[in-house]
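Reader: I would like a close look at the aromatic rings of this protein. Please take them pair by pair where you can, and say what is near them.

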Amino acid sequence: QVQLVESGGGLVQAGGSLRLSCAASGRTFSWYGMGWFRQAPGEEREFVSFIRWSGSFMSYADSVKGRFSISRDNAKNTVYLQMSSLKPEDTAVYYCAAQVLAGRKYNYWGQGTQVTVSS
């Protein structure tokens with residue numbers, strides 16, 4: 001059974017840092033990659049970052065480039081999102097998701113972790 005479990009969210013002041021983790025169970029070695037998304041109250045879910053399980057490709061939303069960094073630990077089946085220079089507009093529920101096949105929909109989603117950035 002596939003499970004994605006996020007952790008690491010919390011309350012932080014503007015300019016601070018947090019590291020989110022997404023622990024995956026299941027046939028992760030066959031997956032194409034992992035993504036991070038976020039959803040703020042009253043807004044649609046938006047893409048934040050993506051990484052191939054091989055680590056050969058990463059991408060970021062323009063709004064987080066230079067501040068967020070995605071990485072993975074294959075041995076732990078875990079993907080991380082290091083967030084620095086946080087802004088109040090980064091406040092949202094952050095979700096990780098697994099993409100089994102390249103270019104297709106995200107197949108599995110975590111339950112989300114709340115990130116709140118105070119000004």
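Author: What follows deals with the aromatic side chains.

This is a predicted model, in which local features need pLDDT of at least 70 and side-chain atom pairs count only at pLDDT 80 or more, while totals for chains, interfaces and linings use all residues. Residues are numbered from 1 along each chain as its sequence is written, and side-chain values use heavy atoms, with hydrogens and water left out.

A pair of aromatic rings is described by the distance of the centres and the angle of the planes. Rings of Phe, Tyr and Trp (for Trp, its six-membered ring) count as a pair if their centres lie within 6.5 Å; planes under 30 degrees apart are stacked, over 60 edge-to-face, and the rest tilted. The structure holds seven such pairs. One of them joins Phe50 and Phe57: the ring centres are 6.2 Å apart and the planes stand at 50°, so this pair is tilted.

Accessibility is given for both of these residues. Buried means under 20% relative accessible area, exposed over 50%, and partly exposed in between, with a 1.4 Å probe and protein chains only. Phe50 counts as buried because its relative accessibility is 6%, whereas Phe57, at 42%, counts as partly exposed.

Elsewhere, Phe37, Phe47, Tyr106 and Trp109 form one aromatic cluster. Trp109, a member of that cluster, also has a charged residue over its ring: Arg45 lies over the face of Trp109, at 3.9 Å from the ring centre. A charge sits over a ring if NZ of Lys or CZ of Arg is within 6 Å of the ring centre and within 35 degrees of the ring normal.
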